[in-house]
Amino acid sequence: MSILSSLGRIATEFSAARARYQTERAIRSLPIELQKDIGWPEASDTKTGIRNGIGSWAGAK
C-alpha cells in the first residue's frame with residue numbers, strides 16, 4: 001500500500017465520520033418528541049449522557 005492510498009483512505013474515513021457527526025448533531029438538535037417519532041435509538045440516553053461510537057473515527061466501521 002502506497003502512502004497516497006493510505007492518505008486517501010484516511011481522508012475518506014474522516015469525511016464519513018464528519019458526515020455522521022453532522023447528521024447526529026442535527027438530529028440531536030430536534031425536540032425529544034420528534035426524535036422518538038423518527039426512531040432515534042439514543043433518544044432516551046440524552047439524560048444520562050451516554051454516546052456510543054462518537055469520538056473514535058479511526059478504524060470504526
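Hi everyone. The protein chain we have here folds with two helices and zero strands. Please keep in mind that this is a predicted model.

Let me start with the chain as a whole. Of the 61 residues in the protein chain, 13% are buried. The chain exposes about 4900 Å², and carbon and sulfur atoms supply 61% of that area. As for contacts, take those with a separation of 6 or more: residues 24 or more positions apart account for 30% of them.

Now to helix H1, which covers residues 3–28. How far apart are the end C-alpha atoms of H1? They are 37 Å apart. At 1.5 Å a residue, the 26 residues of H1 should span 38 Å, so the two values agree.

Which residues of H1 are buried? They are Ser6, Glu13, Ala17, Glu24 and Ile27. These buried residues pack against helix H2, which is made of residues 32–38.

Let's look at Ile27, one of the buried residues of H1. Its relative accessibility is 17%, and it counts as buried because the cut-off is under 20%. What does Ile27 touch, leaving aside its neighbours within four places in sequence? The answer is Gln35, Ile38 and Trp40. Take Ile38: in sequence, Ile27 and Ile38 are 11 residues apart, while in space their C-alpha atoms are 9.5 Å apart.

Next, the charged side chains. Side chains of opposite charge can pair when their charged atoms come close. How many salt bridges does the structure hold? It holds two.

One of them joins Arg9 and Glu13, with the closest N and O atoms 3.4 Å apart. Both of these residues sit in helix H1, and they are four residues apart, about one turn of the helix. Is Glu13 buried or exposed? Glu13 counts as buried, since its relative accessibility is 14%. Arg9, on the other hand, is partly exposed, with a relative accessible area of 40%.

The other pairing is between Glu24 and Arg28, whose side chains meet in a salt bridge at 2.6 Å, N to O. Here again we are in helix H1, with Glu24 and Arg28 four residues apart, about one turn of the helix. Glu24 is buried, with a relative accessible area of 9%. Its partner Arg28 has 22% relative accessibility and counts as partly exposed.

Let me finish on the surface. Which residues form a nonpolar patch there? Ile3, Leu4, Leu7 and Ile10 do, and together they have about 450 Å² of accessible area. Leu4 is a nice one to find on your screen, and it lies in helix H1. With 69% relative accessibility, Leu4 counts as exposed, because exposed means over 50%.

So, to recap with H1 in view: its buried residues, including Ala17 and Ile27, pack against H2. Helix H1 also holds the pair Arg9 and Glu13, along with the pair Glu24 and Arg28. And on the surface, Leu4 belongs to the nonpolar patch with Ile3, Leu7 and Ile10. Thanks for listening!

Definitions and conventions
Residues numbered from 1 in each chain as written. Predicted model: local features only at pLDDT ≥ 70, side-chain atom pairs only at ≥ 80, totals over all residues. Heavy atoms only, no water. Patch = residues over 30% accessible without salt bridge, like charges linked within 9 Å, V, L, I, M, F, W, Y side chains within 5 Å. Areas by Shrake-Rupley, 256 points an atom, 1.4 Å probe, with all protein chains shown as cover. Salt bridge = Lys/Arg side-chain N within 4 Å of Asp/Glu carboxyl O. Buried < 20%, exposed > 50% of the residue type's maximum accessible area, 1.4 Å probe, protein only. Expected span 1.5 Å × (residues − 1). Contact = heavy atoms within 4.5 Å.
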